[in-house]
Amino acid sequence: MSALPTSQLFDPSDPVFRVHEGGKLGVHATSHLRDAGDLSLLYTPGVAQVSLAIAAEPALAAVYTSRRNTVAVVSDGTAVLGLGDIGPLAALPVMEGKAVLFKHFADVDAVPVCMQTGTVDEIVEAVARIAPTYGGINLEDISAPRCFEIERRLQEQLDIPVFHDDQHGTAIVALAALLNAVQVVEKDLAGLRVVVSGAGAAGVAVSRILLGAGVRDVVVVDSRGVLGPDRDDLAPHKEELRQVTNPRGVTGGIGDALSGADVLIGVSGGTVAERDLLRMAPRAVIFALANPDPEVHPVVAARFAEVVATGRSDFPNQINNVLAFPGIFRGALDSGARRVTEEMKLAAAGAIASLVENPTADRVVPSVFDERVAPVVAAAVSALVPERGRPTTA
């Protein structure tokens, strides 16, 4: 969180503040209220019939209410962008922005739900209590490691998709980029040596989706070094990750991990030294995804890697979650999915990658403004949901 005085942070004449004035969201009605006849249909007495029908058959809520197209964007403000724990009120502009992206890219109505930080039990209970209003829950900017338990418990309790975008959105797009990057550098996905720098929310999800996609050699590094056999200081989520990664038993620091590595995926912040990058294999791939300051500046990374990607929009190959989450929820809502499965995530990554027909070093992912992305991702997700999961009036 910035230590600058308010006078240096706030300039109401700045275009950034002007565009946010009054917030970025509003509410509009989808039915016309023109006269008493409309009023009697939209509200009392007509609405009572719909309420009684839903009381008798709850599945009808997906047909006759806005629930079928509404997602809650839930945050407690403990891990907002690169700003850290700035609280729920300061997180609200970010969640509003997320809602704008949902609407623009996939026509999903998203509602920010920023709550005061509490225990895991309190957050899970609060979200579970408001869940009847929504067709899906997008968890956002919640700190690790509790984000893992919050997501897991909500998935167990609720019959609607619960998706932590900081984890899975990043992982899906990173995999999509890697699927195309290996074509450029002419390497086999299964034979890659991949180093993931960061063992937080994104690092865990990236590592797991790579393993699910068939990468056999993933080494994870945190601020204290490699998650290797010599580490006895690991939190439970890191210990679980260690059990399924590092098949060669690498120990030491990131330089040791990068020795002979084909790929570096940074999701941790900090800086990776050039002397360590020198140890990577020829025709390497570097995804430095920390924002706004990548672990390796793209200009520097280009000296060591053939394919370079960041999370920034001012360099080629932006690994941006907006390529994933709008389509993920569009497909889940349309198909009546109760969960976003690992198979759906892999399918989404493949769908995103497929939109780049001839990958090059400067183009391994489609543009975030490519209008094909959300529909293709939604179709990939929907295809994995049985027909019986889809909303119906029958």
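**Exercise 1. Place D230 in the structure and state which residues it touches.**

Leaving aside neighbours within four places in sequence, D230 is in contact (heavy atoms within 4.5 Å) with R242 and T251. The model is predicted: local features need pLDDT of at least 70 and side-chain atom pairs count only at pLDDT 80 or more, while totals for chains, interfaces and linings use all residues. Residues are numbered from 1 along each chain as its sequence is written, and side-chain values use heavy atoms, with hydrogens and water left out.

Next, locate the residue: D230 sits in the loop between strand 7 and helix 11 (236–244). Helices (H or I, at least four residues) and strands (E, at least two) are DSSP runs, numbered from the N terminus. Finally, take a distance across the chain: the C-alpha atoms of D230 and N317 are separated by 36 Å, and these residues are 87 apart in sequence.

**Exercise 2. Describe the sheet of six strands and the helices that lie across it.**

Step 1, order. The sheet is open, its six strands follow the order 7-6-5-8-9-10, and the pairing is mixed. Two strands count as paired if DSSP finds at least two bridges between them.

Step 2, edges. Strand 7 (225–226) and strand 10 (305–310) each have a single partner strand, so one side of each is left without a neighbour in the sheet.

Step 3, one pair in detail. Four bridges link strand 8 (residues 263–266) with strand 9 (residues 284–288) in the parallel sense. The bridge partner of I265 in strand 9 is F287.

Step 4, helices. Helix 9 (residues 165–185) lies across strand 8, strand 9 and strand 10, at about 155° to strand 9. Helix 10 (residues 201–213) lies across strand 5 (193–197), strand 6 (217–222) and strand 8, at about 165° to strand 5. Axes are lines fitted to C-alpha atoms, for helices over the stretch in contact, and angles run from 0 to 180 degrees between N-to-C directions.

**Exercise 3. Analyse the sheet of four strands in the same way.**

Step 1, order. This open sheet has four strands in the order 2-1-3-4, with parallel pairing. Strand 2 and strand 4 (162–164) are the edge strands, and each pairs on one side only. From one strand to the next, the twist averages 25°.

Step 2, one pair in detail. Strand 3 (residues 136–139) and strand 4 run parallel and are joined by three bridges. L139 has H164 as its bridge partner in strand 4.

Step 3, helices. Helix 9 packs on the sheet by touching strand 3 and strand 4, and its direction makes about 75° with that of strand 4. Helix 15 (residues 325–335) also packs on the sheet, touching strand 1 (70–75), strand 3 and strand 4, with a direction at about 160° to that of strand 3.

**Exercise 4. Characterise the largest pocket and the second largest pocket.**

Step 1, terms. On a 1 Å grid over the protein atoms alone, a pocket is an open set of points where a 1.4 Å probe fits, with protein on both sides within 12 Å along at least five of seven lines; lining residues have an atom within 4 Å of a point. Grid points are joined across faces, edges and corners, and a volume is the space filled by probe spheres set on the points.

Step 2, the largest pocket. The volume of the largest pocket is about 1,700 Å³. Its lining has 47 residues, of which L81, G82, D141, D166 and N291 are the closest to the centre. Helix 6 gives the largest share of this lining, six residues. By class, the lining has 23 nonpolar, 18 polar and six charged residues. Ala, Val, Leu, Ile, Met, Phe, Trp, Tyr, Cys and Pro count as nonpolar, Asp, Glu, Lys and Arg as charged, and the others, Gly among them, as polar.

Step 3, the second largest pocket. The second largest pocket holds about 810 Å³ of space. Among its 24 lining residues, H28, A29, T30, S66 and D109 are the closest to its centre. Strand 2 provides the largest share of this lining, four residues.

**Exercise 5. Identify a salt bridge that joins distant parts of the sequence, and two cis peptide bonds.**

Step 1. The structure holds 26 salt bridges (a side-chain nitrogen of Lys or Arg within 4 Å of a carboxyl oxygen of Asp or Glu). One of them joins the side chains of E96 and K24 (4.0 Å, N to O). E96 lies in helix 6 and K24 in the loop between helix 2 and helix 3, so the pair ties together parts that are 72 residues apart in sequence.

Step 2. The peptide bond from T44 to P45 is cis, with omega near 10°. The bond from A144 to P145 is cis, with omega near 10°.
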